[in-house]
Amino acid sequence: MGSTVLSLRIDGELLDRLKRHAAKRGMSVQDYVVRTLIRDDFDERFQAAVDETEKFYGAEEGVTADEVT
């Protein structure tokens, strides 16, 4: 898989928070942001799979997708 450059303009306060979060994990800001985006993308794809499974099999009464994930 290749890589592409993404340039973002963010305010100083947000950048400072990102730096602190990344530093706590021993990561660069770039790595922290990329991992956060990957995790969010996975969560969305997982939830879509759960929703599709519920549509196919039918959700159990009283159990919601939020309780499953």
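Let me start with the aromatic pairs, of which the structure holds two. The first is phenylalanine 42 with phenylalanine 46, and that pair is stacked: the ring centres are 6.0 Å apart and the planes differ by 20 degrees. I should say at once that this is a predicted model, and every value I quote is computed from it.

Where do phenylalanine 42 and phenylalanine 46 lie? Both are in helix α2, which covers residues 29-57, and they are four residues apart, about one turn of the helix. Are these two rings buried or exposed? Neither label fits. Phenylalanine 42 has 47% relative accessibility, so it counts as partly exposed. Phenylalanine 46, at 39%, also counts as partly exposed. The cut-off for exposed is over 50% and for buried under 20%, which is why both of them land in between.

The other aromatic pair is phenylalanine 56 with tyrosine 57. This one is edge-to-face, with 4.8 Å from centre to centre and 90 degrees between the planes. Both phenylalanine 56 and tyrosine 57 are exposed.

Next, the salt bridges. How many does a search of the whole structure find? The search finds three, and I will go through them along the chain.

For the first we need helix α1. Helix α1 runs over residues 12-24, which makes 13 residues. From its first C-alpha to its last it reaches 18 Å, close to the 18 Å expected at 1.5 Å a residue. Inside α1, the side chains of arginine 17 and glutamate 13 meet in a salt bridge, at 3.3 Å from N to O. Arginine 17 and glutamate 13 are four residues apart in that helix, about one turn. Glutamate 13 is exposed, with a relative accessible area of 57%, while arginine 17 counts as partly exposed at 36%. Just after α1 comes glycine 26, which takes a positive phi of about 65 degrees.

The second salt bridge takes us back to helix α2. Arginine 45 forms a salt bridge with aspartate 41, and the closest N and O atoms are 3.0 Å apart. Again the spacing is four residues, about one turn of the helix, with both arginine 45 and aspartate 41 in α2. Which of the two is exposed, and which partly exposed? Arginine 45 is exposed, with a relative accessible area of 51%. Aspartate 41 counts as partly exposed, at 38% relative accessibility.

The third is also in α2. Lysine 55 and glutamate 52 join their side chains in a salt bridge, 3.4 Å from N to O. These two residues are three residues apart, about one turn of the helix. Lysine 55 counts as exposed at 64% relative accessibility, and glutamate 52 is partly exposed, with 48%.

Last, the surface ahead of the first helix. Which residues form a nonpolar patch on the surface? They are Leu6, Leu8 and Ile10, and together they have about 320 Å² of accessible area. Of these, leucine 8 is found in the segment before α1. Leucine 8 is exposed, with a relative accessible area of 59%.

To recap: two aromatic pairs, three salt bridges, and a nonpolar patch of Leu6, Leu8 and Ile10. If you want to follow along in the viewer, helix α2 holds the stacked pair, phenylalanine 42 and phenylalanine 46, and also the salt bridge partners arginine 45 and aspartate 41, as well as lysine 55 and glutamate 52.

Notes
Residues are numbered from 1 along each chain as its sequence is written. This is a predicted model: local features need pLDDT of at least 70, side-chain atom pairs count only at pLDDT 80 or more; totals for chains, interfaces and linings use all residues. Side-chain values use heavy atoms; hydrogens and water are left out. Rings of Phe, Tyr and Trp (its six-membered ring) pair if their centres lie within 6.5 Å; planes under 30 degrees apart count as stacked, over 60 as edge-to-face and the rest as tilted. Buried means under 20% relative accessible area, exposed over 50%, partly exposed in between (1.4 Å probe, protein chains only). The expected span of a helix is 1.5 Å times one less than its number of residues. A salt bridge is a side-chain nitrogen of Lys or Arg within 4 Å of a carboxyl oxygen of Asp or Glu. Patches are made of residues with over 30% relative accessible area and no salt bridge: like charges are joined within 9 Å, nonpolar side chains (Val, Leu, Ile, Met, Phe, Trp, Tyr) within 5 Å. Accessible areas come from the Shrake-Rupley method with a 1.4 Å probe; for residues, only the protein chains shown count as cover.
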